[in-house]
Amino acid sequence: MTISSLLGPRDPAPVEVLNPTGKAPLLLICEHAGQAVPARLSGLGVTQDQLDAHIGWDIGAAGVTRRLAKALDAPAVLQTYSRLVIDCNRPPEAADSMPEVSDGHVIPGNRGLAEADRQARIDEIFAPYQAAVADMLDRAPFRATVSIHSFTPRMNGFDRPWDIGFLFRRDEATSTRIARTLAAQAPELTIGMNQPYQVDDASDWFVPRIGEARGLCHSLIEIRNDHIRSSTGQALWADRLSHGLRPLIMEHLT
Ligand SMILES: [Zn+2]
């Protein structure tokens with residue numbers, strides 16, 4: 001029996017699976033959906049305002065993912081804890097998996113972490129979350145997977161001009177296809193390809209370790225977070241993306 005050294009009885013489960021029997025052959029993933037902090041970590045020494053900002057979670061991403069799961073009848077896996085506790089879209093050995101500083105904010109609860117404390121976050125949050133994703137992908141005939149994120153409009157003194165970005169590496173076709181469908185319905189959008197980030201093995205998990213490793217059609221989608229702060233914005237972007245993703249789903253259903 002494993003004894004928990006991190007999560008207590010009042011802490012939420014690290015993973016939420018929505019609509020597990022959804023019919024679409026597409027698994028939605030949201031690694032930065034939540035902003036919970038295990039009670040034993042005493043809030044990591046940060047303020048609620050910091051947890052509410054982009055360093056704490058991906059603002060609006062969970063709301064878009066939930067609406068997309070419903071609109072597409074697709075299963076979705078959402079991660080519950082703040083990315084400051086452990087970033088589930090990075091390898092646990094990555095330098096910023098449990099960042100001591102995030103976008104200029106010192107995270108006191110991450111300073112000088114003991115190996116056992118790092119391992120507890122991996123064992124009790126990262127591992128069960130990734131196991132839930134693997135379990136879903138193992139048991140259903142998924143053909144595609146999409147990860148939903150949001151990004152801050154301004155970073156390191158630079159205004160990011162994109163409304164939405166698609167991140168990919170080997171599977172350029174899936175992102176291009178979704179982007180084209182989106183551009184056709186909303187030509188006013190500024191769409192970034194491999195913006196505002198680029199994927200690499202050292203700092204990313206979803207693209208290399210899930211999409212590419214399993215040979216699925218995949219794309220990591222980044223929506224600018226000022227578009228999806230409100231439920232109205234989340235509904236608009238979920239609607240846009242559901243239209244963008246439908247041709248992909250139809251292709252694999254027929
Ligand atoms: Zn993210």
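Trainee: What spacing do the donors of the zinc ion follow along the chain?

Mentor: In this predicted model, the donors follow the spacing H-x25-D-x90-H. Local features need pLDDT of at least 70, side-chain atom pairs count only at pLDDT 80 or more, and totals for chains, interfaces and linings use all residues. Residues are numbered from 1 along each chain as its sequence is written, and side-chain values use heavy atoms, leaving out hydrogens and water.

Trainee: What makes His32, Asp58 and His149 donors of the zinc ion?

Mentor: A donor is an N, O or S atom within 2.8 Å of the metal (3.2 Å for Na, K and Ca). His32 (ND1), Asp58 (OD) and His149 (ND1) coordinate the zinc ion at 2.0 to 2.1 Å, so they count as donors. Water is not among the atoms, so the site may look incomplete.

Trainee: Why are His32 and Asp58 called buried?

Mentor: Buried means under 20% relative accessible area, exposed over 50%, and partly exposed in between (1.4 Å probe, protein chains only). His32 and Asp58 are both buried, as are 54% of the 254 residues of the chain.

Trainee: How do you know that the chain is as compact as a globular protein of that length?

Mentor: The radius of gyration is taken over C-alpha atoms, and the globule rule is 2.2 Å times the number of residues to the power 0.38. The chain has a radius of gyration of 18 Å, close to the 18 Å that the rule gives for 254 residues, so the description holds. The C-alpha atoms fill a box of roughly 50 × 45 × 30 Å, taken along the principal axes.
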